[in-house]
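Here is a short briefing on one protein chain. Look over the sequence and the structure first, then read the points by topic.

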Amino acid sequence: MANYCTSCGAPLRTQDKFCANCGQRVSSKQEEKEAIAPHQSIQRKTGYVVMLFILAILIFIIWLIIPSPPKNGQLSSAGITGELPPDHPPIDNNVASNNNTSGAMPPFVMEQLTKLRTAIESNSKEVPARIQLAEMYYQIGQFEQALKYLDEALNIEPQNLDALVMAGNACYEAQLPDRAVSYYSRALTINPNDINVRTDMGTMLLHSGKIDQAINEFNRVLAIKSDFIPAFVNLAEAYKTKGDMQKYFETLQKALDKAHTEAEKKEIRDRMNVAVDG
C-alpha cells in the first residue's frame with residue numbers, strides 16, 4: 001500500500017525519511033508506537049495507584065466494622081426485640097459490650113487520634129474533635145471510651161444534638177438502657193419529631209421493662225409517620241411482652257398493610273407465624 005505525506009499529500013517511497021515535495025519528516029510505525037507507549041505506561045501506573053488506594057480504604061473500613069472475638073460472659077443484644085430505625089447503626093452481638101476492646105490500631109489511625117487529642121489539649125473547649133474521637137471509638141466498639149468524649153463535649157455544649165444522639169446510640173449498643181433513655185430524652189427536647197431517636201428510646205424503655213412508656217413512644221412515632229414499620233414492629237413486641245396477643249396481631253396486621261417492600265411483608269408474616277406456632 002502506498003504511503004502519502006501527512007503534510008502535503010505527496011506520495012512517499014518506503015525508504016523515504018523526508019518528503020521530497022515539502023521536506024516534512026516521515027515518522028515510522030515503530031516511532032508512533034514508541035511515542036504512545038510512555039502514555040500507556042503512565043495510565044497503567046495511575047490505575048494501579050488508584051486501585052491500591054481504594055483497596056487501602058476498603059481494608060480500613062473492614063477493620064473498623066469487624067468486631068473482635070467476644071469475651072466470656074459478654075452481654076448479648078438478643079434481648080432487644082423489634083426493629084431498629086433505618087438510621088440507627090446495626091447492633092452486632094459480638095460488639096454490644098462496654099468492656100469490648102479491639103486489636104491494635106493501624107498507624108494512620110493512631111496518627112489521627114493523636115491529632116484530635118492534641119486539638120483537645122490545645123483548646124479545652126474544643127467540641128468537634130471530641131465528637132470525632134468519640135465516633136472513632138464508637139465504630140470499633142469501645143463505647144465507654146466514646147461516651148467519655150461525648151460527655152466532655154456535652155459539658156461544653158449541653159444542647160449538641162449530634163453528641164446526644166451518638167451517646168444514646170452508644171448506650172443502646174452497650175446495653176445501658178436507662179442511660180440511653182436519658183440521652184435520647186435530651187435529644188428529643190431539641191427535635192421532638194425525630195422518629196428514629198424516639199423509636200430507639202421506645203426500644204430502650206421496652207428493654208428496661210417500662211412497657212407502657214415504650215408503647216406511648218411508639219404511638220407518638222406513628223402519629224408523626226403512620227407507615228413507619230420499625231415503630232409498628234416494636235409496638236407489637238411491646239404488646240406481646242405485656243401479654244396482649246390480640247393487640248400484638250392487630251398491630252402486625254396494620255404493619256403488613258402499610259409495608260413498603262416484599263422483604264418487610266415477609267418478615268412481618270414470619271413474626272406472626274412464629275407467634276401462632278408458639
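Asp-270 and Lys-266 join their side chains in a salt bridge, with N and O 3.0 Å apart. Both residues sit in helix H11, four residues apart, or about one turn of the helix. The model is predicted. The points below cover the other salt bridges, the fold, the helix packing and the core.

**Salt bridges**

- The whole structure holds twelve salt bridges.
- Side chains of opposite charge can pair when their charged atoms come close.
- In the H11 pair, Asp-270 is partly exposed, at 34% relative accessible area.
- Its partner Lys-266 is exposed, at 52%, because the cut-off for exposed is over 50%.
- Lys-148 pairs with Glu-152, and their closest N and O atoms are 3.1 Å apart.
- Lys-148 and Glu-152 are four residues apart in helix H4 (residues 143-156), so about one helical turn separates them.
- Lys-148 is partly exposed, with a relative accessible area of 38%.
- Glu-152 is also partly exposed, at 24%.
- Glu-237 and Arg-271 form another salt bridge, with 2.6 Å between the closest N and O atoms.
- That pair links distant parts of the chain: Glu-237 lies in helix H9 (residues 229-242) and Arg-271 in helix H11 (residues 262-277), 34 residues apart.
- Is each partner buried or exposed? Glu-237 is buried, at 7% relative accessibility, and Arg-271 is buried as well, at 17%.
- Both values count as buried because the cut-off is under 20% relative accessible area.

**Arg-130 and its network**

- Which residues does the shared-partner network join? Salt bridges with partners in common connect Arg-130, Lys-148 and Glu-152.
- Arg-130 lies in helix H3.
- Arg-130 is buried, with a relative accessibility of 7%.
- Beyond its neighbours within four places in sequence, Arg-130 contacts Ile-120, Asn-123, Ser-124, Lys-125, Tyr-149, Glu-152, Ala-153 and Ile-156.

**Overall fold**

- The chain has eleven helices and two strands.
- Read from the N terminus, the order of elements is β-β-α-α-α-α-α-α-α-α-α-α-α.
- The chain has 278 residues, and 37% of them count as buried.
- Take the contacts between residues at least 6 apart in sequence: 51% of these join residues at least 24 apart.

**Helix packing: H10 and H11**

- The axes of helix H10 (residues 245-258) and H11 come within 9 Å and cross at roughly 160°.
- H10 and H11 are therefore roughly antiparallel, because angles over 145 degrees count that way.
- Their crossing is left-handed.
- On the H10 side, the contact uses Met-245, Tyr-248, Phe-249, Leu-252, Gln-253, Ala-255 and Leu-256.
- On the H11 side, it uses Lys-265, Ile-268, Arg-269, Arg-271, Met-272, Ala-275 and Val-276.

**Helix packing: H7 and H9**

- Helix H7 (residues 195-207) and H9 cross at roughly 15°, and their axes come within 10 Å.
- This makes H7 roughly parallel to H9, because the cut-off for roughly parallel is under 35 degrees.
- The crossing of H7 and H9 is left-handed.
- H7 contributes Thr-199, Thr-203 and Leu-206 to the contact.
- H9 contributes Pro-230, Ala-231, Asn-234, Glu-237, Ala-238 and Thr-241.

**Helix packing: H3 and H5**

- Helix H3 (residues 128-139) packs against helix H5 (residues 161-173) at about 20°, with the axes 11 Å apart.
- H3 and H5 are therefore roughly parallel to each other.
- The crossing of H3 and H5 is left-handed.
- Ile-131, Ala-134, Glu-135 and Tyr-138 of H3 meet Ala-163, Met-166, Asn-169, Ala-170 and Glu-173 of H5.

**Nonpolar core**

- In soluble globular proteins, nonpolar side chains tend to be buried together.
- The largest nonpolar core here has 63 residues.
- Which members touch the most others? They are Leu-133, Tyr-137, Leu-147, Leu-150, Tyr-183, Tyr-184 and Ile-268.
- Not counting residues up to four places away in sequence, Tyr-183 touches Leu-147, Asp-151, Leu-154, Leu-164, Ala-167, Gly-168 and Cys-171.

Conventions: Residues numbered from 1 in each chain as written. Predicted model: local features only at pLDDT ≥ 70, side-chain atom pairs only at ≥ 80, totals over all residues. Heavy atoms only, no water. Core = buried A, V, L, I, M, F, W, Y, C linked by side-chain atoms within 4.5 Å. Buried < 20%, exposed > 50% of the residue type's maximum accessible area, 1.4 Å probe, protein only. Contact = heavy atoms within 4.5 Å. Salt bridge = Lys/Arg side-chain N within 4 Å of Asp/Glu carboxyl O. Axes fitted to C-alpha atoms, helices over the stretch in contact; angles between N-to-C directions. Parallel < 35°, antiparallel > 145°, perpendicular 65-115°, else oblique. Left-handed = near helix turned anticlockwise from the far one by under 90°.
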